Every structure is written in structure tokens, then in C-alpha cells.
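Let's take a walk through this one, from a single residue out to the whole chain and back again. Keep the viewer open as you read.

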Amino acid sequence: MAKKVAVLTNRHVFSAANDFVNRMHYLPDVTIIGDIAGGGAGLPFLSELPNEWVVRFSASPHYDAEMNHLESGIEPDIRINLLEEDRSKGKDTILEKARSILKE
């Protein structure tokens, strides 16, 4: 019997972790919970301009199975943020939501 899986995400999920969220999203019994992922899925390109400014951007776009661009992050199935009032009490709002979903 397959078990439910919860993947927790927020704006600090970048690069390979963003790709992991994308791949998990298509699996059965997986729920993505938290805030939109941070993105950064493309191959980074770095260059210095003549005025000594540094430019960094993704040189290769990454897409999901529906051809949605992943550079700006991935929307979770259930959007919930870690509330500051809960954090101060030692409670993780996102983790608690995941636990309640996995118990269902």
C-alpha cells in the first residue's frame, strides 16, 4: 500500500531543491505544502560589466511537464506560511499542516 508524502517548501528552496519539488509534484500521493519555492532552476551565468557591476542570470530555462517556467519558483498544492507568533512559541505552522494532512 502506497503511503502519503508531504514535501515542505518555501522561498528558500532553490536550484536542485526547486527541481526536486517539481519532480515530486507529479508523483501520486505527494502533496507540496508551504510557500512558493524560490526558483533558480536554470544554469547560472555570471559576467562582469565594464563598470564592474556583476550580472547573474539563468542561461538555460527549465520547465515543468506543462511547459510552465520554473525560474520563479513552484506554487505549492497547499499554501501556508510559518507564522511569527507560532515560531516564537516553537511551533512550525507548515510542519503541523503536513502532519494533519498525512494523518487523514
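In which strand is the place of Pro44? Pro44 sits in strand 3, which covers residues 44–48. Keep in mind that what you're looking at is a predicted model. With 47% relative accessibility, Pro44 counts as partly exposed, because buried would mean under 20% and exposed over 50%. Setting aside residues up to four places away in sequence, Pro44 touches Arg56, Phe57 and Ser58. Its C-alpha atom is separated by 9.6 Å from that of Ser15, a residue 29 places away along the chain.

Now zoom out. The chain has three helices and five strands, and reading along the sequence gives you the pattern β-α-β-β-β-β-α-α. The radius of gyration is 17 Å, well over the 13 Å that the globule rule gives for 104 residues, so the chain is more spread out than a compact globule. You can put dimensions on that: along its principal axes, the C-alpha trace spans about 55 × 35 × 15 Å. Of the 104 residues, 27% count as buried. The chain exposes about 7300 Å², and carbon and sulfur atoms supply 56% of that area. If you're thinking about electrostatics, there are 12 positive and 16 negative side chains, with the centres of the two sets 9 Å apart.

What about contacts across the sequence? Take the contacts between residues at least 6 apart in sequence: 62% of them join residues at least 24 apart. Ile32 gives you something concrete to look at here. Ile32 lies in strand 2, which runs over residues 30–34. In space, Ile32 and Ala6 are 5.9 Å apart, C-alpha to C-alpha, though 26 residues separate them in sequence. Ile32 has 0% relative accessibility, so it counts as buried. Leaving aside neighbours within four places in sequence, Ile32 is in contact with Val7, Thr9, Val21, Met24, His25, Pro76, Asp77 and Ile78.

Two of those contacts, Val21 and Met24, take us to helix 1, where the buried residues are Asn18, Val21, Asn22 and Met24. What covers them includes strand 1 and strand 2. Asn18 is worth a stop. Helix 1 spans residues 16–25 and has Asn18 in it. Is Asn18 buried or exposed? Asn18 counts as buried, at 0% relative accessibility. Not counting residues up to four places away in sequence, Asn18 touches Val13, Ala37, Gly38, Gly39, Ala41, Leu70, Gly73 and Ile74. Asn18 and Ile32 are 14 residues apart in sequence, and their C-alpha atoms are 12 Å apart in space.

Next, helix 3, which covers residues 93–103 and has Thr93, Ile94, Ala98 and Ile101 as its buried residues. Look down the helix axis and these buried residues fall within an arc of 135 degrees, so they line one face of the helix. What covers them? The cover includes strand 1 (5–9), strand 2 (30–34), strand 5 (78–79) and helix 2 (84–88). Strand 2 therefore turns up as part of the cover for helix 1 and for helix 3, with buried contacts judged by heavy atoms within 4.5 Å.

Finally, the loops. Tyr63 lies in the loop between strand 4 (54–58) and strand 5. At 39% relative accessibility, Tyr63 counts as partly exposed. Leaving out residues up to four places away in sequence, Tyr63 touches Asn22, Asn68, His69 and Leu70. One of these, Asn22, is among the buried residues of helix 1. Leu70 is also on the list of residues that Asn18 touches.

Met67 lies in that loop between strand 4 and strand 5 too. Met67 is exposed, with a relative accessible area of 59%. What is phi of Met67 near? Phi is near 65 degrees there, a positive value in a residue other than glycine. Asp29 has phi near 65 degrees as well, again positive in a residue other than glycine. You'll find Asp29 in the loop between helix 1 and strand 2, and at 41% relative accessibility Asp29 counts as partly exposed. As for Tyr63 and Asp29, they are 34 residues apart in sequence and 22 Å apart in space, C-alpha to C-alpha.

Conventions. Residues numbered from 1 in each chain as written. Predicted model: local features only at pLDDT ≥ 70, side-chain atom pairs only at ≥ 80, totals over all residues. Heavy atoms only, no water. Helix = DSSP H or I, 4+ residues; strand = E, 2+ residues; numbered from the N terminus. Rg over C-alpha atoms; globule rule 2.2 N^0.38 Å. Buried < 20%, exposed > 50% of the residue type's maximum accessible area, 1.4 Å probe, protein only. Areas by Shrake-Rupley, 256 points an atom, 1.4 Å probe, with all protein chains shown as cover. Lys, Arg positive; Asp, Glu negative; His and termini not counted. Charge placed at Lys NZ, Arg CZ, Asp CG, Glu CD. Arc of directions from axis to C-beta.
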